[in-house]
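Reader: I would like to learn how to read a few features of a model like this one, taking them one at a time. Could we begin with the pairing of strands and then move on to the backbone and the ligand?

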Amino acid sequence: MKPRTKMIHAGITGDEQTGAVSVPIYQTSTYKQDGIGEHRGYEYSRTGNPTRHALEELIKDLENGVSGFAFGSGMAAITSIMMLFNSGDHVVMTDDVYGGTYRVMTKVLSRLGITSTFVNTSDPDQVKEAITDKTRAIYIETPTNPLLKITDLRKMKEIANVHNLLLVVDNTFNTPYWQHPLDLGADIVLHSATKYIGGHSDVVSGLVAVNSEKLAEELHFIQNSAGGVLGPQDSWLLIRGIKTLGLRMEAIEKGAKDVASFLSDHPKVEKVYYPGLPSHPGHDIAKNQSDGFGGMISFDVGSGEAADHLLKKVRYFTLAESLGAVESLISVPAKMTHASIPKDRRDELGIADGLIRISVGIEDSEDLIADLKQALER
Ligand SMILES: *Cc1c(COP(=O)(O)O)cnc(C)c1O
């Protein structure tokens with residue numbers, strides 16, 4: 001199946017019993033048993049729910065995995081994956097990882113004895129150096145947020161193989177339409193489905209796919225034990241969102257390329273971060289491991305004041321955290337998504353006060369460019 005056909009026909013489609021073309025929302029917590037222990041595949045909705053199951057089959061197929069899982073948020077998915085590890089275990093992670101991921105590792109899981117080291121994973125040598133005899137996994141985001149740094153997933157797989165580590169990839173930014181980490185050797189791929197997969201700014205959710213029966217069993221045990229599952233209504237919204245994921249990503253990327261090239265030529269913009277630009281240091285690797293460059297762009301306008309000014313002037317970019325929706329969103333990472341990262345660490349990472357991040361939506365790019373133009377020039 002080609003990618004856009006897959007968005008429609010993969011996983012479980014419709015309802016066998018009634019012929020309903022749309023998977024029904026099974027809004028139920030429990031299931032009648034025909035006799036004690038005699039059930040029809042479902043006992044209790046934390047353990048399994050048919051609508052959630054249809055979504056889990058779908059993400060499994062989209063990521064070419066063995067099994068899929070749906071959680072109540074991206075963070076619930078990440079936390080559940082980390083529960084595969086034990087006290088004393090160590091994880092090497094991308095340094096400009098999502099702020100919430102940094103927070104759960106350094107403020108919550110660290111208390112339980114799961115430690116982490118953050119390095120620039122764009123440089124494989126830094127990953128090698130960070131590995132200790134306690135290391136169990138390499139955890140990668142590519143592209144990253146907000147600097148859109150690219151990590152070579154095939155190189156990460158080579159390192160993981162040498163040290164017998166799990167390779168975990170947060171694929172939120174590129175989506176299963178553009179990038180397939182499991183095909184490149186990852187063991188676990190996850191998404192904040194709140195973003196592109198849902199795509200309409202109306203649901204918070206997380207999705208995971210794994211590449212082995214063993215991991216599938218372990219993660220299902222944790223999902224059922226810890227209980228951070230996605231409800232049937234929200235599962236249905238994601239199935240609906242995925243149907244147009246391919247169309248949206250194509251439109252978003254076209255817009256992003258137009259906007260990135262406009263920003264690159266603008267005198268008031270000091271720097272543009274977009275992996276689709278040939279000048280981006282990760283451009284060739286991105287091209288090699290993904291089918292597209294996505295819709296996230298960051299650019300530096302030089303100061304916090306200049307950033308504030310621009311934010312007040314834009315009309316089509318909604319000032320909001322989050323990303324990946326049909327409407328274009330704008331944010332200042334230093335004050336919003338990355339505020340939970342201490343200032344000295346932000347400076348270390350290069351997340352300047354004048355850095356603006358945009359998530360390009362599906363509007364006409366002429367309108368988006370005209371909007372940015374007037375906001376930059378006034
Ligand atoms: C938003 C986000 C998360 C967290 O997901 P939630 O759905 O907000 O819990 C994790 N990783 C990345 C890259 C994200 O953008």
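Reader: Which residue of strand 9 is the bridge partner of tyrosine 273?

Author: As a general idea, the strands of a sheet pair through backbone hydrogen bonds, and the pairing may be parallel or antiparallel. In this predicted model, the bridge partner of tyrosine 273 is serine 298, which belongs to strand 9. Strand 8 and strand 9, the latter spanning residues 296–300, pair in the antiparallel sense over 3 bridges.

Reader: In what order do the 5 strands of the open sheet run, and which are the edge strands?

Author: The order is 8-9-12-11-10, and the pairing within this open sheet is mixed. The edges are formed by strand 8 (271–273) and strand 10 (318–319), each of which pairs on one side only.

Reader: Turning to the backbone, which peptide bond ending at proline 143 or proline 146 is cis, and what is its omega?

Author: The general expectation is that most peptide bonds are trans, and that most residues other than glycine have a negative phi. Here the bond from threonine 142 to proline 143 is cis, with omega near -5°, and a cis peptide bond also joins asparagine 145 and proline 146, where omega is about 5°. Proline 143 is placed in the loop between strand 4 (135–141) and helix 6 (153–163), and proline 146 lies in the loop between strand 4 and helix 6 as well.

Reader: What is phi at asparagine 164, and where does that residue lie?

Author: Phi of asparagine 164 is near 55°, a positive value in a residue other than glycine. Asparagine 164 is found in the loop between helix 6 and strand 5 (166–170).

Reader: How many residues surround the ligand, and which are the closest?

Author: The ligand is surrounded by 14 residues, and the closest are Met75, Asp170, Ser192, Thr194 and Lys195. By type, the shell divides into 5 nonpolar, 6 polar and 3 charged residues, and its largest share, 3 residues, comes from helix 3 (residues 74–82).

Reader: Which ligand atoms lie 2.7 Å from the side chains of aspartate 170 and lysine 195?

Author: A nitrogen atom of the ligand is 2.7 Å from an N or O atom in the side chain of aspartate 170, whereas for lysine 195 it is an oxygen atom of the ligand that lies 2.7 Å from an N or O atom of the side chain. Serine 192 has a polar side-chain atom 2.8 Å from an oxygen atom of the ligand. Taken alone, the ligand exposes 380 Å², of which the protein buries 93%, and the space that the ligand takes is the second largest pocket.

Methods: Residues are numbered from 1 along each chain as its sequence is written. This is a predicted model: local features need pLDDT of at least 70, side-chain atom pairs count only at pLDDT 80 or more; totals for chains, interfaces and linings use all residues. Side-chain values use heavy atoms; hydrogens and water are left out. A residue is near a molecule or strand if one of its heavy atoms lies within 4 Å of it. A polar contact is a pair of N or O atoms within 3.5 Å; within protein, one must be able to donate a hydrogen and the other to accept it, and residues adjacent in sequence count only if both atoms are side-chain atoms. Accessible areas come from the Shrake-Rupley method with a 1.4 Å probe; for residues, only the protein chains shown count as cover. On a 1 Å grid over the protein atoms alone, a cavity is a set of points where a 1.4 Å probe fits but cannot get out, and a pocket is an open set with protein on both sides within 12 Å along at least five of seven lines; lining residues have an atom within 4 Å of a point. A molecule sits in a cavity or pocket if more than half of its atoms lie within 2 Å of its grid points. Helices (H or I, at least four residues) and strands (E, at least two) are DSSP runs, numbered from the N terminus. Ala, Val, Leu, Ile, Met, Phe, Trp, Tyr, Cys and Pro count as nonpolar, Asp, Glu, Lys and Arg as charged, and the others, Gly among them, as polar. Two strands pair if DSSP finds at least two bridges between them.
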